[in-house]
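Please read the following walk through one protein chain with the sequence and the model side by side.

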Amino acid sequence: MAVVSRRARSWWYALAVPAALAAAVAGALGARPDIAPPPESHRAPAAGATAAPVPPASAAPASGTPAEMRYAATQVLIRDCMQRRGFHYWPAPRQPVPELREFPYVLDDVSYARRYGYGGALERRLQEAMAADPNTRYVRELPQERGAAAVRAVNGDPGEPDALRATLPGGGTVRRSSHSCTSEAERQLYRDLPGWYRVTRITDNLAGLRVGRVLADPRYAGGVAEWRRCMRAAGHDVADPASARVSVPEPAAGAASAGEIRLAVTEATCAARTGFGRLARRLDAEHRRALDRRFHTEVAERLRLEAAALPRARAVLAAG
């Protein structure tokens, strides 16, 4: 069984947090920059005042990892594009809650468990950060037509005839406007926008495939059985890590409860004692390599485009 939190976080959610923050103007009105048929219904646009919020500090670091610099440069380019189209946009942080970590199979870090439990309080902080995003507030305070125009500026219309398209490894097709500020920013950085869109959508979706393969691996089931015996010996009759996490109530305050901490520490201790954590990491790496081989063309092309974009990202950040 897949390990999910009591909030049923999906792998899409884990991967899309930066994108969701970057496109917060779309979230404010319920719009989606990428769509896969059949389309979902959207909430009605909100109307309100036009006052712009006070912008936070820039999310663009002067240095960092290549991924951080490419992300920050994309945010700067989106901001500049939105300004040219008559709208405000504030670069969104890539990791609004840096402490929040994902444990897709089993919580196996005792130190993390002692401090954060299962991370429920951190998840709440993430939700609060997304709700407080100035882009979200800005669009919600615009009149309805103006807010809808802001959404079109950042995301465009994915139903347009020349929209970007990608067929996902698990099936289905996603589309995104090629004329939005998001697309304009990525075109400036990566040059080959259709190719970039296709390989990122494919490779980003490999995580879900990888987790599914690990969970279906008989060796994983054997590890769960050993871990379950350890948990029962410690006084916790749970079938698997997912059951343990679901049994923990939502955090009522800003920190994990003593009960959540105890259960999380026991889970991590048993994961280490039985070798289940090591097994899960080994299986994850094994299936990652297999998927990378299967999609080697897309993986290699993404790496090539990312490497080529890095000097351009540095130049964007240097220019401010």
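The paragraphs below take up confidence, then disulfides, then aromatic rings, then two single residues.

The model is predicted. The protein chain averages a pLDDT of 84, and 80% of the residues score at least 70. Two stretches fall well outside that range of scores: pLDDT stays under 50 over residues 28-32, and again under 50 over residues 35-58. The model has 19 contacts beyond four places in sequence for residues 28-32, and 46 such contacts for residues 35-58.

The count of disulfides comes to two. One of them joins Cys 81 to Cys 181, with an S to S distance of 2.1 Å. This pair links distant parts of the chain, since Cys 81 sits in helix α3 (residues 66-84) and Cys 181 in helix α8 (residues 181-190), 100 residues apart. The torsion about the S-S bond of Cys 81 and Cys 181 is about -75°, so this disulfide is left-handed. Cys 81 has 1% relative accessibility and therefore counts as buried; Cys 181, at 0%, is buried too.

The other disulfide is formed by Cys 230 and Cys 270, whose sulfur atoms are 2.1 Å apart. Cys 230 belongs to helix α11 and Cys 270 to helix α13, so the bond ties together parts that are 40 residues apart in sequence. With a torsion of about -80° about its S-S bond, the Cys 230 and Cys 270 disulfide is left-handed. Both Cys 230 and Cys 270 are buried. Numbered in sequence order, the bonded cysteines pair 1-2, 3-4.

Next come the aromatic rings. A search of the whole structure finds seven aromatic pairs. In one of these, the rings of Tyr 112 and Tyr 116 have their centres 5.0 Å apart; their planes are at 55°, so the pair is tilted. Both residues lie in helix α4 (residues 110-116), four residues apart, which is about one turn of the helix. Tyr 112 is buried at 5% relative accessibility, and Tyr 116 is buried at 15%. Elsewhere, Tyr 105, Tyr 220, Trp 227 and Phe 276 form one aromatic cluster.

Two single residues remain. Ala 221 is found in helix α11 (residues 218-233) and is partly exposed, with a relative accessible area of 46%. The C-alpha atoms of Ala 221 and Phe 276 are separated by 9.9 Å, although the two residues are 55 apart along the chain.

Is Glu 267, in helix α13 (residues 258-273), buried or exposed? At 0% relative accessibility, Glu 267 counts as buried. Leaving aside neighbours within four places in sequence, its contacts include Tyr 118, Trp 227, Met 231 and Arg 245.

How values were computed
Residues numbered from 1 in each chain as written. Predicted model: local features only at pLDDT ≥ 70, side-chain atom pairs only at ≥ 80, totals over all residues. Heavy atoms only, no water. Buried < 20%, exposed > 50% of the residue type's maximum accessible area, 1.4 Å probe, protein only. Contact = heavy atoms within 4.5 Å. pLDDT = per-residue confidence, 0-100. Phe/Tyr/Trp six-rings, centres within 6.5 Å; stacked < 30°, edge-to-face > 60°. Helix = DSSP H or I, 4+ residues; strand = E, 2+ residues; numbered from the N terminus. Disulfide = S-S within 2.5 Å.
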